[in-house]
Amino acid sequence: MIMSSTNRSAKSLLGLVALFLGELRDGLTMINMQSAFLISSKLYSEKQVGVMFFVFGMSQFLFQTPAGYIMDSSDRKVALLAGAALTTTALTVLTAITAKEYGENIVWMVFLKIIQGGVTALIPPGLNSITQGIVGSTGMTHQVADNEMKNHLGTAIIVLSGSLIAFYTYPNIGLLFIVSPIACAGVIFFLMRINPDDIDHDAARGLKSDTDANATDYQLASDSKEHVSAAPEDNTPTSPLELLKDKTLLIFTVICFLFHLSNGTVLPLVMQTFAVGMDHPRGGFLLSGMCIIVAQIFMVGSAKVCGDYSGRWGRKKLFLIGMFSVPLRCLILYSLVGLKNSIEAAGNDVPLALEIIILSTQILDGVGAGVFGTMYILVTSDIAAGTGRFSLTLGVTSAAMSIGGTVSGYLGQALAQDLGYQTAFMMLCILSLVPALAYTFLMPETCVMENEVKNVEVSNMESIAQNEERQVV
């Protein structure tokens, strides 16, 4: 099929929307910046900030699945995504403007985070359903990878800008939040240039498939598994209750939860290892920002590899590379933090080289989270193909990720406080093996490799030709 110029234009606009959605997509980038701002400039306690993190995550968890249902049901996906971007930006700025010292208005701040968590729940299913509506199942692999590459690049640019602003304006770092409305303006500008007629809303909700045969791929990949993605004959969406009976969806949802339960807290703990004992908070902001930037840069590369090779190698092989990178990362951090503790116990200064090596473990974060961020969307699309419930399915898996990340924050802090950072990394290493092994032994391959798809297409063409010959005779 030859791609029209309007479709090419829409795909280009999708990439630019994803670029500016870098810090808005799940709200976590701005939440991390808000935490640094509240602790350093508004003298909030870690416990107060922790409460805000918790309610934000719980709100996302509660609203993810309804948000997916809304996106599946609505033909105004562009307007919903634009509204969500504007609202979460306004709430970020409102947080910075209205925060009082020592958390005197903590109840108001918690209320803002509840609303912000619910609003950001609309963003992932919004972007991905619009993407599927424009490119169809045929183009999802490469377009999702391109979206993720642009998203991570945008996040890196925004975090670098915010970190530099915080470094030069410390301790009055509120100006860093200027990056949020700038990013939002970019999202709205490019989103509004997408022609609504370019979005096929049946394709967007996964109700119909095309030549990529993702719906049939899943059947071909695993004939023995119970799967509900075959579309009803009357072309109506599968009922939500029927969708939730899908064994593979349930297994994948649990794996998403466990992955984020073990991985979500690793980055904050790494950032805290730099902060512990640091005499210069300004340097801490810069190093903390570098932790995110290094990971985001390598996530760009991970997303590209997923886009280029998941159709050839399958989803499972690449997914496992990302999953097993987490226990490897935690094991390396266990060793490095132990070495750092020994140096400090001896009364010596920690060498800069060791700090750089600890920072370099964020490369593995770029592999793990980068692969997961791309592949979970593609696997969810595979599972939902033909059901008409793509956004709802994505809402279910995203909700599992949200609650996993929320619990992970408290789990990691509790382990670090009670057992120390080194032991915390070892415990997380063991925990992160569970989702990796579960995916290895319990998840089927959800996508047929490209050469198999070509064989199916050739076979179909031969059958059509034979039928035409019979008709002529």
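**View 1. Lys-150, at 29% relative accessibility, counts as partly exposed.** Welcome to the first close-up of this predicted model. The partner of Lys-150 here is Asp-146, and the two side chains meet in a salt bridge with an N to O distance of 3.3 Å. Asp-146 is also partly exposed, because its relative accessible area is 24%, a value that falls between the 20% limit for buried and the 50% limit for exposed. Both residues belong to helix α6, where four residues, or about one turn of the helix, lie between one position and the other. If you would like to look for others of this kind, a search of the whole structure finds six salt bridges.

**View 2. Arg-329 and Asp-365 join their side chains in a salt bridge of 3.4 Å, taken from N to O.** Arg-329 sits in helix α14 (residues 315-345) and Asp-365 in helix α16 (residues 362-384), so this pair ties together parts that are 36 residues apart in sequence. Are these two charged residues buried or exposed? Arg-329 counts as buried, because its relative accessibility is 1%. Asp-365 is buried as well, with a relative accessible area of 7%.

**View 3. Glu-355 and Lys-340 form a salt bridge through their side chains, at 4.0 Å from N to O.** Glu-355 lies in helix α15 (residues 352-360) and Lys-340 in helix α14, so distant parts of the chain, 15 residues apart, are linked by this pair. As you look at the two side chains, keep in mind that Glu-355 is buried, and so is Lys-340.

**View 4. Ser-129 counts as buried, with 0% relative accessibility.** You can find Ser-129 in helix α6, which runs over residues 123-169. Which backbone atom does the side chain of Ser-129 reach? The answer is the backbone oxygen of Gly-126, at 3.1 Å. Leaving out residues up to four places away in sequence, Ser-129 touches Met-71, Lys-77, Ala-204, Phe-390 and Ser-391. One more residue to locate in this view is His-201: its C-alpha atom is 8.3 Å from that of Ser-129, although the two are 72 residues apart along the chain.

**View 5. The largest nonpolar core holds 101 residues, and Phe-252, Phe-319 and Tyr-439 are those with the most contacts inside it.** This close-up is a good place to pick out Phe-319 and then its surroundings. Not counting neighbours within four places in sequence, Phe-319 is in contact with Phe-252 and Tyr-439, and also with Val-371, Phe-372, Met-375, Tyr-376 and Val-379. For context, 54% of the 473 residues of the protein count as buried.

**View 6. Leu-94, Trp-108, Phe-111, Ile-114 and Ile-115 make a nonpolar surface patch of about 410 Å².** Which helix gives the most to the patch? That is helix α5, residues 106-120, which supplies four residues. Phe-111 has its place in helix α5. With a relative accessible area of 43%, Phe-111 is partly exposed. For the protein as a whole, the accessible surface comes to about 20200 Å², and 66% of this belongs to carbon and sulfur atoms.

**View 7. Leu-43 has a positive phi, near 60°, in a residue other than glycine.** To find Leu-43, look in the loop between α2 (28-40) and α3 (46-73). Leu-43 counts as partly exposed, because its relative accessibility is 37%.

**View 8. Tyr-102 also belongs to the residues other than glycine and has a positive phi, near 60°.** The loop that holds Tyr-102 is the one between α4 (77-98) and α5. Is Tyr-102 buried or exposed? Tyr-102 is exposed, because its relative accessible area of 53% is over the 50% limit.

**View 9. Stepping back, the protein has 19 helices and zero strands.** How do contacts bring together different stretches of the chain? Among contacts between residues at least 6 apart in sequence, 84% join residues at least 24 apart. The salt bridge between Arg-329 and Asp-365 in View 2 can be found again here, with its two partners in helices α14 and α16.

Key: Residues numbered from 1 in each chain as written. Predicted model: local features only at pLDDT ≥ 70, side-chain atom pairs only at ≥ 80, totals over all residues. Heavy atoms only, no water. Core = buried A, V, L, I, M, F, W, Y, C linked by side-chain atoms within 4.5 Å. Buried < 20%, exposed > 50% of the residue type's maximum accessible area, 1.4 Å probe, protein only. Contact = heavy atoms within 4.5 Å. Patch = residues over 30% accessible without salt bridge, like charges linked within 9 Å, V, L, I, M, F, W, Y side chains within 5 Å. Areas by Shrake-Rupley, 256 points an atom, 1.4 Å probe, with all protein chains shown as cover. Polar contact = N/O pair within 3.5 Å; in protein donor to acceptor, adjacent residues only side chain to side chain.
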